[in-house]
Amino acid sequence: MAPSLCAICKTERAYIKRPKNHAKLCRECFIRVFEDEIHHTITSSKLFYPGEKVAIGASGGKDSTVLASVLKTLNERHGYGLDLVLLSIDEGITGYRDDSLQTVKNNAVQYGMPLTIVGYKELYDWTMDEVVQTIGKKGNCTYCGVFRRQALDRGAKMLGIKHVVTGHNADDVAETVMMNLLRADLSRLSRSTSIVTGDNRSEVKRSKPLKYAYEKEIVLYAFHKKLEYFSTECIYSPEAFRGSARGLIKQLEKVRPSAILDIVRSGEDMARLVPGESPSSCGCKGQKAQAPVAAAVEEGIGGCGSTNGRTPGGEMAALDKQLRENEEYAELEVDVTKTILKPKQGEKETQKELPIRTASAPSKGGRQVLGQCKRCGYMSSQEICQACTLLEGLNKNRPQIQI
Amino acid sequence: MAPEPETMPISVDFLGGLDTLFSNKTSHTISLPLLNPSDSSPANVGFLISYLVKHHLKHPRTEFFVQGDGHLTPGILVLINEADWELEGEEECELKAGDKVVFVSTMHGG
Amino acid sequence: MTREVTPYAYCFTKFINTKSVKQLGILGKETKPPIIPNPSGSGPPQIGTRRYLLGLSLGVSSTCLLQLLHENCQFQLSKGRPAPFELTVVHIYNDTFTTPSTAESLLLPHKTRYPTFTFLSHPLSSSLTLPSIDWPSFLSALSLPPPNIISLLTRHILLSLTLSTSSQALLLGHSTTAIAELTLSQTAKGRGFSLPWTINDGLLSLPNLSQPVLVFHPLRDILRKELVEFTKLTAPPLTGLIPDVEKRNNPEAHQVLNHKDLSIEEVMTRYFADVERSYPSVVANVARTSARLVRIFDEDRKGCGLCGMPMDGEGDERWRGELGEGDVGDEEGETEEGERRRREGRRWLCYGCQRSALG
């Protein structure tokens, strides 16, 4: 078939077909449009202010590599006046992190950005290798994710930086939306769709400038700009993704490429419908308030192969098990309290919340209030933050041999 | 052994972690038969994929590359001489000697 | 003819029956029977019988619901009580492919089996006269409704028929699995905002509808695989009432030639067939999710010309930037007419309908 011409310059041969609008573009125009759209996201969401010091959470993978490259380009082109640095986490996984950190080091040189590496070992006195030796491979991604979240914030604090940007892309956000629908975790759904997390109470704010960028375009951008990135799956992350939210997203993209952004859009819209999450969602009387925004406590940088839902087989099975255990209680309550909504005159339509237990909420303790962890002082909605809770368990089980 | 005149050299690259499925090697040169033996049609990308699965995919987890129905696993990009295969007719795109085909997984960590 | 009912069949059908009776009990409490004038012309007005409208797609779920509603009536009658409700069963057929007489004949076995209910078949094209759709803006936005608009039109007709037959509620047969699928497929189509209106039980009040309609899903607590089993165990089985029953019962059996030929709905059906088998609680969980979303409705705001859902003006402009529609992007070779439609569509259609109708 005859090669098509680029829809923008109408002179060069098209090499790229964009998933979001089917436009056929040449390499140069694609790279320009991709960057222009990130610029649009940055300006329309007012992500930065001039002179701001921003840490790029860098894993050496495609997303953070592209993010660093694009931010450097835009910072120079549009005069953002940003002071950009790279911040990497060393989880202590021999044979995986060593190599990806080398990629980050190369990037630091290429982009002329200072690099700081923070190790789990220095923060928690545990490497992931040691964690896996103690608890096995099952569930280790939970530890890794919780530790990483804090590690980035702590690293940023050490550097006196109040803003960390991560490489989460549209596919990641769409996956999180689907995953949170699967586990009926509406408050996390609400949080995960916003481009900036962490409010004025938290010391470090996070944002995702690639939120509307397709994973496919990120890979193509890296390919055509010949960016060096690291792409070996974390050796501890589960392999299969059959039945997972990620697999579903990719199937949907195949059927209808626009689906990924449509899911992101749906997620943003639904976030406004989550009770207690938004001022516009009407102050329904008798409505149980959701936990106040806990500032995306468990969100990880897209570093390992398991962003929110990429631990499928295991995650789905665990979710199913937990739900079954809750089921008999839930069933009792549903029938008694289920009420059909009836809007009264002059009152906006409301919906009584069914007393469904969410998969993850440890709903016993009543209202959660954002405070500080009693042990480490890190921002937490619990008395003891997740990382410290996990560490406590780990320290009890530290293999005796090591003494 | 007699030379095999019915093949052509195709350069195949596996990126984004797919190299782990193909003997941990990124760049391969494949001698692809000119005709698909099943129906004697000219070799196209669909045939290349099934040929790779049959002769070069040495990893037990074949589902990372193809699905049960023989189609490429969603999430893998294909570039034919650097152009998105969606512009070239996907599986139907006919190959000629010296063509460069790149498979890139988008599924691995970021 | 009598057939021996096995203990398994007895228990299983009883289990399904009990689950639906619970829901119908809630429905009964939520609806008030109509007050009708005294037939003698004087004296106090009398309490009439509740009337419901059932949307029958001739699929597994709605056929099961028909049977369960029938069993519910028969049970009350057997106790010497009056029938708890009157039922109008409506099948909407696509008159592009089906003639009225074919549609009529499809319902014959149902009429024979359920003589106490009223059956209607109704052409899809009747939606062209519905006041609840803003046709001028819809038609200016596109020339021919794509297939995925059909379910929207069907819904509009059912809502309007509920009002015109003076029914107190519209009953839909969605199983837990169907609701879960609908939740995720609506999400994948950019219609997340409309979920609380699409899937929840309750009064549906749309800007273009003359009065609110109570919509109810009595099978929302029953999995699809359970309903499939139920169709085989009733005496006589329901399978005779469902065209292409084998195909419907086994969505995965279709040979797929190319994944691109699947629709979003089909991808979801396959996905949930898998999840339902391995993790049924997850399916139930998804179905409950949307029930927890609240409806935001600003009465001053115009509804979408097609689906009637509230429009979200604030997000759309910014989104065009994210979609890359600012400077480039419109389809290659798009005619001026096409471009005019696109612009027109943006003004009158919600995000989801724009994406469905304009691609």
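**View 1. The order of helix and strands along chain B.** In this predicted model, chain B reads along its sequence as β-β-β-β-α-β-β-β, a pattern made up of one helix and seven strands. The C-alpha trace of chain B spans about 45 × 35 × 25 Å along its principal axes. For 110 residues a compact globule would be expected to have a radius of gyration near 13 Å, and because chain B has 13 Å, its value agrees with that expectation. Of these 110 residues, 36% count as buried, and among the contacts in chain B between residues at least 6 apart in sequence, 59% join residues at least 24 apart.

**View 2. The open sheet of five strands in chain B.** The strands of this sheet follow one another in the order E2-E1-E7-E5-E6, and their pairing is mixed. Strand E2 (27–33) and strand E6 (83–84) of chain B are the edge strands, each of them pairing on one side only. Strand E5 (residues 76–80) of chain B pairs with E6(B) in the antiparallel sense over two bridges, and within this part of the sheet Ile80(B) has Ala83(B) in E6(B) as its bridge partner.

**View 3. Strand E7 of chain B and the strands that pair with it.** Strand E7 (residues 100–105) of chain B is largely enclosed by the rest of the structure, because five of its six residues are buried. Strand E1 (residues 7–15) of chain B runs parallel to E7(B) and is joined to it by five bridges, whereas E5(B) pairs with E7(B) in the antiparallel sense, also over five bridges. Phe103(B) in E7(B) is a useful residue to locate in this view, since Phe14(B) stands opposite Phe103(B), and Val78(B) likewise stands opposite Phe103(B).

**View 4. Two residues other than glycine with positive phi.** Ser40(B), which is not a glycine, has a positive phi of about 55 degrees, and Ser40(B) is found in the loop between strand E3 (35–36) and strand E4 (41–42) of chain B. With 8 other C-beta atoms within 10 Å, Ser40(B) is exposed. In chain A, Ala184(A) has a phi near 55 degrees, again a positive value in a residue other than glycine, and its place is the loop between helix H7 (170–182) and helix H8 (186–192) of chain A. Ala184(A), however, is buried, with 26 other C-beta atoms within 10 Å.

**View 5. Residues of the largest nonpolar core.** This core holds 203 residues, and those touching the most other members are Leu25(A), Ile56(A), Met178(A), Leu48(B), Leu54(C) and Leu170(C). Once its neighbours within four places in sequence are left aside, Met178(A) is in contact with Ala245(A), Leu248(A), Ile249(A) and Ile263(A), and also with Leu184(C).

**View 6. A cis peptide bond in chain C.** The peptide bond that joins Ala235(C) and Pro236(C) is cis, with omega about -10 degrees. Pro236(C) lies in the loop between helix H9 (224–233) and helix H10 (245–249) of chain C. The chain around this loop contains 15 helices and eight strands, and 43% of its 359 residues count as buried. Among the contacts in chain C between residues at least 6 apart in sequence, 74% join residues at least 24 apart.

Note on methods. Residues are numbered from 1 along each chain as its sequence is written. Chains are lettered from A and ligands numbered from 1 in the order in which they are written. This is a predicted model: local features need pLDDT of at least 70, side-chain atom pairs count only at pLDDT 80 or more; totals for chains, interfaces and linings use all residues. A nonpolar core is a set of buried Ala, Val, Leu, Ile, Met, Phe, Trp, Tyr and Cys residues joined through C-beta atoms within 7 Å. A residue is buried if 20 or more other C-beta atoms lie within 10 Å of its own, exposed if 12 or fewer, and partly exposed in between; C-beta atoms are placed from the backbone. Two residues are in contact if their C-beta atoms, placed from the backbone, lie within 7 Å. Helices (H or I, at least four residues) and strands (E, at least two) are DSSP runs, numbered from the N terminus. The radius of gyration is taken over C-alpha atoms; the globule rule is 2.2 Å times the number of residues to the power 0.38. Two strands pair if DSSP finds at least two bridges between them.
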